[in-house]
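Colleague: I've got a few quick questions about this one before I open the viewer. Could you take me through it?

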Amino acid sequence: MSPGTGAALRLLAASVDAKAVAEIGTGTGVSGIHLLHGMRPDGVLTTVDPEPEHQQFARQAFRASGFASNRARFIPGRALDVLPRLADAGYDLLFCDGDRLEVLDYLAESLRLLRPGGLVAFEGVFANGRTVDSGPQPTEVLRLRELLRAVRESQELVPSLLPVGDGLLCAVKR
Ligand SMILES: C[S@@+](CC[C@H](N)C(=O)[O-])C[C@H]1O[C@@H](n2cnc3c(N)ncnc32)[C@H](O)[C@@H]1O
């Protein structure tokens, strides 16, 4: 994740005064640390990843960055198995950095999970320029194009595509 994307995540978390954030794709915890910095001091990050080793690494990274263990809830599993168990309108921000083939499902889940005024963000929507490349593209790039279209056309969302890093697609739920 680029420093610019990290700074944008901090800003976004702070701008919605985030107390509850859900993250798809814990990875090594880089995005989680940025989100935690922007959230309220009593905020909790719920982060989902099917790879236990990734979550273990992130847990250590959060601790090394000075965050108490009760600031993060690690849920092992695939997003589409876990998200349906999370509370309706229970989240201020949803950050999506998991499986690009599933981004349209993440968008549908975000509309259920976010409170009005909450924000959804998708990392990497430029796909290294392939999203706007007219040549043949793999399914994951086609899915990103569908996501961009769906967010732009949604009556429920106020979108903006931030040109930081590999593209951060953001939208506020009305
Ligand atoms: C690009 S990395 C995330 C990087 C992370 N946000 C960071 O800043 O360190 C993508 C992560 O998504 C996870 N992942 C893949 N498929 C997933 C799924 N279906 N649901 C949730 N996470 C998934 C991978 O295991 C990987 O850790």
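Colleague: In which sense do strand 6 (residues 157–162) and strand 7 (residues 168–173) pair?

Modeller: First the fine print: this is a predicted model, where local features need pLDDT of at least 70, side-chain atom pairs count only at pLDDT 80 or more, and totals for chains, interfaces and linings use all residues. Residues are numbered from 1 along each chain as its sequence is written, and side-chain values use heavy atoms, with hydrogens and water left out. Strands here are DSSP runs of E, at least two residues long, numbered from the N terminus, and two of them pair if DSSP finds at least two bridges between them. Strands 6 and 7 have six bridges, and the sense is antiparallel.

Colleague: Which residue in the turn of that hairpin has a positive phi?

Modeller: Strand 6 and strand 7 form the hairpin, with five residues between them. Within the strands, Val158 has Val172 as its bridge partner. In the turn, a positive phi of about 55° belongs to Gly165.

Colleague: On to the ligand: which residue places a polar side-chain atom 3.3 Å from one of its nitrogen atoms?

Modeller: Count a polar contact as a pair of N or O atoms within 3.5 Å. Backbone atoms reach ligand oxygens from Thr28, at 3.1 Å, and from Val30, at 3.3 Å. The side-chain contact to a ligand nitrogen comes from Glu102.

Colleague: And how much of the ligand's area does the protein bury?

Modeller: Areas are Shrake-Rupley values with a 1.4 Å probe. Taken alone, the ligand exposes 610 Å². Of that, the protein buries 79%.

Colleague: Which helix supplies at least two residues of the shell around the ligand?

Modeller: The shell holds 20 residues, with Ser31, Asp49, His54, Ala79 and Asp97 coming nearest; near means a heavy atom within 4 Å. Strand 2 (44–49) supplies at least two of the shell residues. The helix, a DSSP run of H or I at least four residues long, that also does so is helix 2 (30–38).

Methods:
Polar contact = N/O pair within 3.5 Å; in protein donor to acceptor, adjacent residues only side chain to side chain.
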